[in-house]
Amino acid sequence: MKPLIRSLVPAELARLVAESGLPPFRLRQLSEWLYPHAAWQWDTMSNLPRNLRDRLAQDFDLAGLELQERQVSEDRTRKFLFRLRDGSTIESVIIPTGDHPTFCLSTQVGCAMACRFCATARGGLVRNLEPGEIIEQIQRLEQDLKAEPVPGLGGKQHNVVFMGMGEPLDNWPAMAASLEIMTHEQALGLSRRRIQISTSGPREGLELLLAAAPGVGLTLSLGGSDDAERKKVMPVPGRTPVTEAVDLAARYAKVTGRRATLAWVLIKGSTDKLEQAARLVKLARRGNFKVNLIPLNPLDDIDLERPEEKGTLAFQEVLTAAGIDTFIRLSGGRDIAAACGQLRRRRGA
Ligand code: SAH
């Protein structure tokens, strides 16, 4: 398989043009075709000389995703199943959030973290996405929005969250490149403030993130308030002591000057106990954090349930009473299997 041309970071794209002996304006033209125009066929790049187009086509693919299925929920959430060039599939979602759309993106085909509550974990990790496959999700969703704006959102700029399939920090090189492409003026030009990485918090990944300090927001997914608890629910990330993961996230918050988020999945009888909320308060006090509570989106093959609303509110109250800003995040699109990885699983991929 050839690499996708959108896997090149802006400096690599510039080098490619320079090494081909082309004048700098060709770089601008090519970037315009790749990003603002979102071209998917070399032939559409009408102002580029044919021999340049041919040469690029020999070394790179221009498109890596093909829409296989699109579902629209009653709550206006849109879910996309994309087929990649090797036949594997990934999901991306557009979630209406207040006055703007949020794009929820995948970073891997499958995932190695084995979280008990997560549909993506079921088949294990298949492979990492390459940067171009991450970038292309954004562009495909942008095109979908353009063709059919979400009613009530009036063309507002979208946020991007890495909360789809996969563990972003388990695929850091591709994530780092994607962030460069997403934020570069001559590429997607997205503001860092609009980007959020969500991680289950494996130590090596958090250390890489901290060293790179890309300035985007960070959410650390917990699902356990001490090591024993966490290992039961999130076996692989649970290998990193929870205080260590939280402290790395706290350092990241400090370095970027942005409050980070602790995400907590609420599972009935497992992660909804008030003593866990009290321990979560202690964890949240280790840094500049807010807390998002995510009531479980139940899967169809495992006997885990979401707590009743009363239980969720009681859990929240322990945190808010302790002065921690705590929000309940209901997942969108439940009627269209929007829980992480569920659409893909139902289609037997
Ligand atoms: N691997 C990364 C990003 C993907 S999961 C991470 O763990 O953060 C994104 C978020 O969805 C995480 O907070 C995860 O705990 C949550 N999640 C996954 N499956 C869920 C489910 N069935 N119900 C509710 N939340 C879920």
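In which loop does A114 lie? The exercises below use a predicted model.

**Exercise 1. Place A114 and describe its backbone and its exposure.**

Step 1. A114 sits in the loop between β5 (108–110) and β6 (125–128).

Step 2. The phi of A114 is positive, about 65°, although A114 is not a glycine. Most residues other than glycine have a negative phi.

Step 3. The relative accessibility of A114 is 36%. Partly exposed covers the range between under 20% (buried) and over 50% (exposed), so A114 counts as partly exposed.

**Exercise 2. Describe R76 in the same steps: place, phi, exposure.**

Step 1. The loop between β1 (65–72) and β2 (78–84) holds R76.

Step 2. R76 is a residue other than glycine, and its phi is positive, near 80°.

Step 3. With a relative accessible area of 32%, R76 is partly exposed.

**Exercise 3. Work out which residues of helix α6 are buried, which are exposed, and how the buried ones are arranged.**

Step 1. Helix α6 spans residues 203–212, and its residues G205, L206, L209 and L210 are buried.

Step 2. Viewed down the axis of α6, these buried residues fall within an arc of 135°, so they line one face of the helix.

Step 3. E204 and A211 are exposed, on the other side of α6.

Step 4. Next, find the cover. The elements over the buried residues of α6 include α5 (172–183), β8, β9 (217–221) and α8 (242–256).

Step 5. Look at what follows the helix. After α6 comes A213, with a positive phi near 40°.

**Exercise 4. Describe the surroundings of the ligand, from its nearest residues to its buried area.**

Step 1. There are 18 residues around the ligand, and F117, G166, S198, S221 and N297 come nearest.

Step 2. Sort the shell by residue type: 10 residues are nonpolar, 7 are polar and 1 is charged.

Step 3. Check the polar atoms. A polar backbone atom of F117 is 2.9 Å from a nitrogen atom of the ligand. For G166, the distance from a polar backbone atom to a ligand nitrogen is 3.0 Å. An oxygen atom of the ligand lies 3.4 Å from a backbone N or O atom of S200. Each pair can be compared with the cut-off for a polar contact, which is within 3.5 Å.

Step 4. Consider the area. The ligand taken alone exposes 540 Å², and the protein buries 92% of that.

Step 5. Trace the shell back to the fold. Two or more residues of the shell come from each of β8 (195–199) and β10 (260–266).

Methods:
Residues numbered from 1 in each chain as written. Predicted model: local features only at pLDDT ≥ 70, side-chain atom pairs only at ≥ 80, totals over all residues. Heavy atoms only, no water. Near = heavy atom within 4 Å. Polar contact = N/O pair within 3.5 Å; in protein donor to acceptor, adjacent residues only side chain to side chain. Areas by Shrake-Rupley, 256 points an atom, 1.4 Å probe, with all protein chains shown as cover. Helix = DSSP H or I, 4+ residues; strand = E, 2+ residues; numbered from the N terminus. Nonpolar A, V, L, I, M, F, W, Y, C, P; charged D, E, K, R; others polar. Buried < 20%, exposed > 50% of the residue type's maximum accessible area, 1.4 Å probe, protein only. Arc of directions from axis to C-beta. Contact = heavy atoms within 4.5 Å.
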